[in-house]
Amino acid sequence: MEIPYTSQPRPDTGIYNAKVGIWLFLASEVMLFGALFSSYILLRVGSAEGYWPHGLLNIPIGTFNTAVLITSSVTVVLSWASLKMGNFGRYKIYQAITILCALGFLGIKSYEYREKFSHYEVWLKKEVTVKHGDKEIKTDRLLGHIEHQGHHAFFWNTKTLAGAPEEKDKDGKVIKAAVLPIESFKLLPDPFHYAMTSKEMAHAKAEAAGKPHEEIEIKSSDVKRLSAFVPGHSTYFAVYFTLTALHALHVLGGAIVIFYIWGPGAKMWKTDPERYINRVEVSGLFWHFVDLVWIFLFPVLYLL
Amino acid sequence: MSDHSSHEDIAKHVKVYITVFIALLVGTIVTVGLNYLHFDNIVLTVSIALFVAIIKASLVACYFMHLISEKKMIYIILAFTAFFFVSLMFITIGAYHDFPALTTTH
């Protein structure tokens, strides 16, 4: 069956069908992200004073990634304009940059995620004194990286410290060796804590800059709770990972579609150029929407 | 965008796209820069950040997504979207002021 109005506008709407389709889809996407955003607002506004983490994400990297996404958005629209002017070669170049930017964005995001998985908060049973620059601070909540047996530890939680007994299958064969409990570990503390105001945080960061980190040896028996910056850490990280991972999936999906049209689907430029240009426009509309979502996600999650 | 744009029209659009691109980058720098100034007033901080974000989003929607000159059909779809989106946000505000009985709050 022939799909109607792929290149010519439909008389009653005045536009080709795919464009109505993508806008209806984007409308549903607005509601999807809107629901998550409103959940975020409710959780944020409802959190107790001093309990909403901030300053835990890497702002320079986030800013750079924002620029990468904005660049990809402009190359998408420039590639469409190139096709409109009949310049297929330039379209190819612009869209190649788009795909590279999409991959770059995902790569940087993965790096950020990885950093979070080895970054910890430790809640202690008793207060300890930590040196931040020249200042001494008493606290029972520490932030930092854990070093254990010469490696950075990933995905630890309170249970990790207790070790694990060996596991056997029903014939009594050992399928998983016992993990010894961890008596103590080294924490490389961050120079700030998120209960500080952003001003204090900046001050602590500046003070600690260039000075060697003072490691703290922590006994597991003194630990009340320990968690990497994973969704289970707090409501904040649950929201952060939900929103950014859903957004990253959109980036991935958009990149696949744009790549398909750019590569294997490019034959259509010869057979039905009008329809091909429309495909590029529709995939571009989706891409701009993904950019638009990030424009809100970035300040909300990184800065506020 | 009209389907009968000539090459000159498109060439003009390209200039607009580049201008918008630069504006978006400047907007990003402004948002991040203001964050480093550390206003003590949280309402002011949030307002400025959201204000810049809304301007950036409008630029993307109006120029990159061509909403500045679209057909009526698209505007109708978006009017519904806007209505339901705003309603959703009001439900959120309502929920904040309407805790179920026996809820512990800090």
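**Helix packing and the contact between chains A and B**

H66(B) is buried, with 20 other C-beta atoms within 10 Å. The count places H66(B) in the buried class because 20 or more such neighbours are required. In this predicted model, H66(B) lies in the loop between α2 and α3 (72–96) of chain B. Its phi is positive, about 60°, although H66(B) is not a glycine. Most residues other than glycine have a negative phi.

Another positive phi occurs in chain A, at Q149(A), where the angle is near 50° and the residue is again not a glycine. Q149(A) belongs to the loop between β2 (135–148) and β3 (151–152) of chain A. With 8 other C-beta atoms within 10 Å, Q149(A) is exposed, whereas H66(B) is buried.

The contact between the chains draws 42 residues from chain A and 39 residues from chain B. On the chain A side, the elements that contribute two or more residues are α1 (17–46), α2 (59–84), α5 (198–208) and α8 (273–303). Of these, α1(A) gives the most, with 13 residues. The chain A side that touches chain B comprises 29 nonpolar, ten polar and three charged residues.

One helix pair that spans the two chains is formed by α8(A) and helix α2 (residues 42–64) of chain B, whose axes come within 9 Å and cross at roughly 175°. The two helices are therefore roughly antiparallel to each other. From α8(A), the contact involves H288(A), D291(A), L292(A), I295(A), F296(A), P299(A) and L303(A). From α2(B), the residues are A49(B), A53(B), K56(B), A57(B), V60(B), A61(B) and F64(B). By class, this contact of α8(A) with α2(B) contains eleven nonpolar, one polar and two charged residues.

P299(A), one of the α8(A) residues in that contact, is buried, with 24 other C-beta atoms within 10 Å. Residues up to four places away in sequence aside, P299(A) touches L304(A), T31(B), A49(B) and A53(B). Of these partners, A49(B) and A53(B) are also among the α2(B) residues that meet α8(A). P299(A) and C101(A) are separated by 198 residues in sequence and by 20 Å in space, C-alpha to C-alpha.

Within chain A, α8(A) also packs against α1(A), at an angle of about 15° and with the axes 10 Å apart. That angle makes α1(A) roughly parallel to α8(A), and the crossing of the pair is right-handed. The residues of α1(A) that take part are A18(A), K19(A), I22(A), L26(A), E29(A) and F33(A). They meet N278(A), V282(A), L285(A), F286(A), F289(A) and V293(A) of α8(A). The contact of α1(A) with α8(A) divides into nine nonpolar, one polar and two charged residues.

A further pair in chain A consists of α2(A) and helix α3 (residues 88–117), whose axes come within 8 Å and cross at roughly 160°. With this angle, α2(A) is roughly antiparallel to α3(A). The crossing in which α2(A) passes α3(A) is left-handed. In the contact of α2(A) with α3(A), 14 residues are nonpolar, nine are polar and three are charged.

Strand pairing was examined for β6 (residues 184–189) and β7 (residues 216–219) of chain A, which pair in the antiparallel sense over four bridges. K186(A) of β6(A) has E217(A) in β7(A) as its bridge partner. The two faces of β6(A) differ in cover: F185(A), L187(A) and P189(A) form the covered face, and S184(A), K186(A) and L188(A) the uncovered one. The bridged residue K186(A) thus belongs to the uncovered face of β6(A).

Methods
Residues numbered from 1 in each chain as written. Chains lettered and ligands numbered in written order. Predicted model: local features only at pLDDT ≥ 70, side-chain atom pairs only at ≥ 80, totals over all residues. Contact = placed C-beta atoms within 7 Å. Nonpolar A, V, L, I, M, F, W, Y, C, P; charged D, E, K, R; others polar. Axes fitted to C-alpha atoms, helices over the stretch in contact; angles between N-to-C directions. Parallel < 35°, antiparallel > 145°, perpendicular 65-115°, else oblique. Left-handed = near helix turned anticlockwise from the far one by under 90°. Buried ≥ 20, exposed ≤ 12 C-beta atoms within 10 Å, placed from the backbone. Pairing = 2+ DSSP bridges.
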